[in-house]
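Student: I would like a close look at one part of this model, taken step by step. Please pick the part, then work outward to whatever borders on your account of it.

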Amino acid sequence: MCVLTKKAVIFIMALLLSACGYHLRGALDLPVGMKNVYLDGGSTPLREQFKRTLRSSAGRLANSPEGAGMIIRIFGEDFNRRALSLSSRGKAEEFELNYRLEYELLGSGKSVLASRQPVEIRRDYFNDQQDVMAKEGEEAVIRNEMYQQAVRAIVDRARVVLEANAK
């Protein structure tokens, strides 16, 4: 009896979550034109983040522009770090990370869907001199989140462009 009740509760919760529009973090509802995307340019971390994002959304990153539903061309990708504040010993206590790139969206026939546009992301974090190793790990996590945010911005813009062209 107890097992049956647990199964019923799990079933009802799953039904309620699916009815409210809940979906796993990172999963996107991609239009047909974005199921197969070719990424022209971009750093290795950016490419890896594109792969993860598309894979989690039933899409894939194509190996060549032929047959791809969309081509995303990356220009001028740049990652900078600068000190915002210094301690009395002259060590940086706070850093700002800047990530900037420009991209262009092309259709399968290499027609321009969206001309060159920038994506710029800034984050700052406190650099505790007592826990240097943990802060290096924190910066890596922040950088990864910045790549995720950039990919999201590009995918969201591509979705809007494809939906506008479909009308």
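Tutor: Start with what pairing means here: two strands count as a pair if DSSP finds at least two bridges between them. Keep in mind that this is a predicted model. The part I pick is the sheet.

With that rule, take the hairpin of strand 4 and strand 5. Four residues lie between these strands, and Lys 110 has a positive phi near 65° in this hairpin. The two strands run antiparallel, joined by 12 bridges. For a landmark, find Phe 95, which stands opposite Tyr 125 in strand 5.

Now go to the other partner of strand 4. Strand 3 runs antiparallel to strand 4, and 14 bridges join the two. These strands also make a hairpin, with five residues between them. Gly 90 sits in that turn, and its phi is positive, about 90°. A useful landmark here is Ile 72, which stands opposite Leu 105 in strand 4.

How many residues of strand 4 are buried? The count is 12 of its 16 residues, and strand 4 (residues 92-107) is mostly covered. Buried here means under 20% relative accessible area.

Next, strand 3 and strand 1. Strand 1 (residues 36-40) pairs with strand 3 (residues 70-86) in the parallel sense, over four bridges. Val 37 faces its opposite number, Met 70, in strand 3.

Put the strands together. The sheet is open, with five strands in the order 2-1-3-4-5, and its pairing is mixed. Strand 2 (60-61) and strand 5 are the edge strands, each pairing on one side only. As a rule, strands of a sheet pair through backbone hydrogen bonds, either parallel or antiparallel.

Edge strand 5 leads to the charged side chains. Arg 123 forms a salt bridge with Glu 145, with the closest N and O atoms 3.2 Å apart. That pair links distant parts of the chain: Arg 123 is in strand 5 (residues 112-126), Glu 145 is in helix 3 (residues 132-166), and they are 22 residues apart. How exposed are the two partners? Arg 123 is partly exposed at 26% relative accessibility. Glu 145 is partly exposed too, with a relative accessible area of 33%.

A second salt bridge joins Glu 120 and Arg 122, whose closest N and O atoms are 3.0 Å apart. Glu 120 is partly exposed, at 45% relative accessible area. Arg 122 is exposed, at 52%. The cut-off matters for this pair: exposed means over 50%. Both residues belong to a network of salt bridges that links Arg 100, Glu 102, Arg 116, Glu 120 and Arg 122. The count for the model comes to 12 salt bridges.

Now step off the sheet to helix 2. Its 13 residues should span 18 Å at 1.5 Å a residue, and the end C-alpha atoms are 18 Å apart, which agrees. Which residues of helix 2 are buried? They are Leu 46, Gln 49, Phe 50, Thr 53 and Leu 54. Seen down the helix axis, these buried residues fall within an arc of 125°, so they line one face of helix 2. The face turned away from that buried side carries the exposed residues Thr 44 and Arg 55.

Helix 2 has a salt bridge as well. The side chains of Glu 48 and Lys 51 meet at 3.7 Å, N to O. Why can they be partners? Glu 48 and Lys 51 are three residues apart in helix 2 (residues 44-56), so about one helical turn separates them. Both are partly exposed: Glu 48 has a relative accessible area of 33%, and Lys 51 has 36%. In general, side chains of opposite charge can pair when their charged atoms come close. After helix 2 comes Ala 58, whose phi is positive, near 65°.

One last stop is on the surface. Val 9, Phe 11, Ile 12, Met 13, Leu 15 and Leu 16 make a nonpolar surface patch of about 620 Å². Val 9 lies in helix 1 (residues 2-19). Val 9 is partly exposed, with a relative accessible area of 48%.

Technical notes: Residues are numbered from 1 along each chain as its sequence is written. This is a predicted model: local features need pLDDT of at least 70, side-chain atom pairs count only at pLDDT 80 or more; totals for chains, interfaces and linings use all residues. Side-chain values use heavy atoms; hydrogens and water are left out. A salt bridge is a side-chain nitrogen of Lys or Arg within 4 Å of a carboxyl oxygen of Asp or Glu. Buried means under 20% relative accessible area, exposed over 50%, partly exposed in between (1.4 Å probe, protein chains only). The expected span of a helix is 1.5 Å times one less than its number of residues. The arc is that of the directions from the helix axis to the C-beta atoms. Patches are made of residues with over 30% relative accessible area and no salt bridge: like charges are joined within 9 Å, nonpolar side chains (Val, Leu, Ile, Met, Phe, Trp, Tyr) within 5 Å. Accessible areas come from the Shrake-Rupley method with a 1.4 Å probe; for residues, only the protein chains shown count as cover.
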